[in-house]
Amino acid sequence: MVVVCKSRDSKYDPQGVKPPKDVPVERQGFTDAIKDPDGIVRRQILMMAQEPSSTCTTPYSLSLQLVTRYLSYENIKPKFNEDYVQFGSKVFKRLKPSRSGAYQQRVDLGGNQILVNYRNTDYQRVSLDDVLSNKFDRKSFKDKVVIVGVTANTVSDTWSTPYSTAQQDYQEISGVFIQAQMVSQVLSAVLDQRPILWVLPYWGDILWICGWSLVGSLIIWWVRSLLDKRCAIFVTVVILYGVCAIALLKQGLWLPFIPSAFAVVANGVVVVLIQRRQEFFTISQPLVE
């Protein structure tokens, strides 16, 4: 059993939450969650150093503690580093504070943080009343990670996810389900090879955008009629969208679609204007006998 605590933060939470008494730090995990400027939780903290005065002293998150114990039964041992967490062959690289590819939020990226690859799913729930009344299937707990938490509306522990914005009634979910998502994504990545979200380095994004800009310009230069050029721009953007979508769904690679599409359209317009200008000068140039 792993108990929880919350870190003390001199800016946002000067108190923090103490862990239960007499539980060793080896069985503690912090549950700190972080929001982006738009209020959505897109990142999880795997490890972080605590402030010296914090009552929560563990450097490991609840999700990492649970995952480590679960995978130990599969004989998969973790490797911890300042820049990554590794289980077997699966490496979870932390987001870089300077630039993180397509993820360009002005946020604090301290500690070892990764992006959350959410599942659009609901987890099996068992109420406390059912447990106390023995009205649940004990076999359903076998070989599972069980997270105990509060889902009552009277407790202010609800969070927005990327799926919240897609719902008409904008539903937030309880913190216990955020923790479940975080545990699930790491376990699925290690055991089921489910993609983890990652991004290209800064120079990789530059090459990607410039490459699509060059390819789009050459295609648009090659076709002749104005209608064909418009179709070429549209088809190039559609292909770009398809490549980005496949890379995200199959490999977890988050590519910069919007900047690339803008570069294709902008360069396409420039190519069209250059060709029209050349045609104008060719037609208006007087003949010399």
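Colleague: How many aromatic pairs does a search of the whole structure find?

Modeller: Rings of Phe, Tyr and Trp (its six-membered ring) pair if their centres lie within 6.5 Å; planes under 30 degrees apart count as stacked, over 60 as edge-to-face and the rest as tilted. By that rule, the search of the whole structure gives four aromatic pairs. One of them joins Tyr241 and Phe257: the ring centres are 5.4 Å apart and the planes stand at 75°, so this pair is edge-to-face. Tyr241 belongs to helix H6 (residues 226–251) and Phe257 to helix H7 (residues 257–284), so the pair ties together parts that are 16 residues apart in sequence. Helices (H or I, at least four residues) and strands (E, at least two) are DSSP runs, numbered from the N terminus.

Modeller: A word on provenance is due here. This is a predicted model, in which local features need pLDDT of at least 70 and side-chain atom pairs count only at pLDDT 80 or more, while totals for chains, interfaces and linings use all residues. Residues are numbered from 1 along each chain as its sequence is written, and side-chain values use heavy atoms, with hydrogens and water left out.

Colleague: Is Tyr241 buried or exposed?

Modeller: Buried means under 20% relative accessible area, exposed over 50%, and partly exposed in between (1.4 Å probe, protein chains only). Tyr241, at 52% relative accessibility, counts as exposed, whereas Phe257 is partly exposed at 22%. Of the 289 residues of the chain, 39% count as buried.

Colleague: What span should the residues of H6 have?

Modeller: The expected span of a helix is 1.5 Å times one less than its number of residues. For the 26 residues of H6 this gives 38 Å, and the end C-alpha atoms are 37 Å apart, which agrees. Helix H5 (residues 202–222) has 21 residues that should span 30 Å, and its end C-alpha atoms are 31 Å apart, which also agrees. The buried residues of H5 include Trp208, Trp212 and Ile220; those of H6 include Ile233, Leu240 and Cys244. Just after H6, Gly252 takes a positive phi of about 75°.

Colleague: Which residues other than glycine have a positive phi?

Modeller: Asp22 is one of them, with phi near 70°. Asp22 sits in the loop between strand E1 (3–5) and strand E2 (28–30), and is exposed at a relative accessible area of 71%. Asn75 is another, with a positive phi of about 60°; its place is the loop between helix H1 (62–72) and strand E4 (78–80). Asn75 is exposed as well, at 72%.

Colleague: Which residues have the most contacts inside the largest nonpolar core?

Modeller: In soluble globular proteins, nonpolar side chains tend to be buried together. A nonpolar core is a set of buried Ala, Val, Leu, Ile, Met, Phe, Trp, Tyr and Cys residues joined through side-chain atoms within 4.5 Å. The largest has 19 residues, and those with the most contacts inside it are Leu46, Val67, Leu71, Phe87, Phe92 and Val190. Strand E3 (43–47), H1, strand E5 (84–87) and helix H4 (175–191) each give two or more residues to this core. Apart from it lies another core, of 11 residues, among them Leu240, Cys244, Leu255 and Ala261.

Colleague: With which residues is Val190 in contact, leaving aside its neighbours within four places in sequence?

Modeller: Contact means heavy atoms within 4.5 Å. With those neighbours left aside, Val190 touches Leu71, Ile76, Phe87, Lys90 and Phe92.
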